[in-house]
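Subject: Structure handover

Hi,

Here is the structure I said I would pass on. Please load it before you read the rest.

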Amino acid sequence: MSIETDADRDGGESGDSLSIALAQIRVEAGEVEANVDRALAAIARAADRGADLVALPELFNVGYFAFDLYARKAEPFAGETFGRLRAAAADHDVAVLAGTIVEDLAATESVPTPADDGLANTAALFDSDGDLQLVYRKHHLFGYESAESELLVPGQRLETATIGGLTVGVTTCYDLRFPELYRRLVDDGVELVLVPSAWPYPRIEHWQTLSRARAIENQAYVATINGAGEFDDATLLGRSSVYDPWGVALSSSGDEPALVTAEIDPATVAEVREEFPALRDRRL
């Protein structure tokens, strides 16, 4: 396992591999401009190091625990935050998972929505031309000491995309606790799952165990992208990681801002599933 921070190494392509960078940026509650600027700077650094795909954390622009700001900071899907990240993807020739934002469903006209109004926890995946490839709205809304389930509309669609020869899916944070969602992605051919998150202390063991389990049981790459920073009632635990289809952590971080990089081989998923064909023994 390797721990990579912003100054650790220059990542790059290796053969036909996909170079992935997880941007574990510091997130400040309500400081949208500063948070987006950090995200854009991380994308630029990752691209300079040869990344093919950069992924951002959950609600990286407003901060997950800033519940009282959700409505005020919500944006339509085609709003400023996704617009700036779409442009960055094209400018730097790198695919970008635009973490998640609080989406104003009533103001969204550019993509289908699960409801005519309300708010959603929404991710967008742009390719290296800045073209939209995937939209994911968080399906499982956290209710334990959280206002998320009261404030947001759950997602309904489960889309996939192809990036660098890999079929990619997205889930978000609390979704990690619901393995049936990942089985649906596997049935759709997914080989890499990106998981933008805002996972807090003290549940380190849950974060690491669930992420590793989703990789092992689905024989797929799982990349978990957490934020860094403190809120009034919570501290994000960081520890963004890339797990291979055997559940081995290829790269991970501590709880400070970091750029976590790893090389992903598109052929590995098929090789693992052929060598140890557990998925073929499913009865449900």
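Below is what I found in it, region by region.

First, a caveat: this is a predicted model.

**Core**

The largest nonpolar core has 46 residues. Within this core, I43, F60, Y70 and L85 touch the most other members. Five elements give two or more residues to it: β1 (18–24), α1 (32–48), α3 (80–92), β4 (101–104) and β5 (119–126). Helix α1 gives the most, with eight residues. As general background, nonpolar side chains tend to be buried together in soluble globular proteins.

**Strand β10 and its neighbours**

Strand β10 covers residues 221–225, and five of its five residues are buried. Both faces are covered. Y221, A223 and I225 lie on one side. V222 and T224 lie on the other.

What pairs with β10? Strand β9 (residues 192–196) runs parallel to β10, joined by five bridges. Within that pairing, L194 has A223 as its bridge partner. The chain gets from β9 to β10 through helix α6 (residues 204–218), and this β-α-β crossover is right-handed. Strand β13 (residues 241–243) also pairs with β10, here in the antiparallel sense and over three bridges. There, T224 of β10 has S241 of β13 as its bridge partner.

**Salt bridges**

The structure holds 10 salt bridges. Three of them are worth a look on screen.

Start with D37 and R84. Their side chains meet in a salt bridge at 3.0 Å, N to O. D37 sits in helix α1 and R84 in helix α3, so to speak of distant parts of the chain is fair: the two are 47 residues apart. Is D37 buried or exposed? D37 counts as partly exposed because its relative accessibility is 35%, and the buried class needs under 20%. R84, at 24%, also counts as partly exposed.

Now go to K138. This residue forms a salt bridge with E58, and the closest N and O atoms are 2.9 Å apart. The pair links distant parts of the chain, 80 residues apart. K138 lies in the loop between β6 (132–137) and α4 (148–151). E58 lies in the loop between β2 (53–55) and α2 (70–73). K138 has a relative accessible area of 1%, so K138 is buried. E58 is buried too, with 2%.

K138 also forms a salt bridge with E148, with the closest N and O atoms 3.0 Å apart. E148 is in helix α4, 10 residues from K138. Both K138 and E148 are buried. Elsewhere, salt bridges that share partners join E33, D37 and R84 into one network.

**Surface**

W246, V248 and F276 make a nonpolar surface patch of about 310 Å². F276 is in the segment after α7 (266–275). How accessible is F276, and which class does that give? The relative accessible area of F276 is 49%, so F276 is partly exposed. The cut-off for exposed is over 50%.

**Where to look**

For a quick tour, take these stops:

- β10, with β9 parallel to it and β13 antiparallel to it.
- K138, with its salt bridges to E58 and E148.
- The network of E33, D37 and R84.
- The patch of W246, V248 and F276.

Best regards

How values were computed: Residues numbered from 1 in each chain as written. Predicted model: local features only at pLDDT ≥ 70, side-chain atom pairs only at ≥ 80, totals over all residues. Heavy atoms only, no water. Patch = residues over 30% accessible without salt bridge, like charges linked within 9 Å, V, L, I, M, F, W, Y side chains within 5 Å. Areas by Shrake-Rupley, 256 points an atom, 1.4 Å probe, with all protein chains shown as cover. Salt bridge = Lys/Arg side-chain N within 4 Å of Asp/Glu carboxyl O. Helix = DSSP H or I, 4+ residues; strand = E, 2+ residues; numbered from the N terminus. Buried < 20%, exposed > 50% of the residue type's maximum accessible area, 1.4 Å probe, protein only. Pairing = 2+ DSSP bridges. Right-handed = clockwise from strand over helix to strand, strands pointing away. Core = buried A, V, L, I, M, F, W, Y, C linked by side-chain atoms within 4.5 Å.
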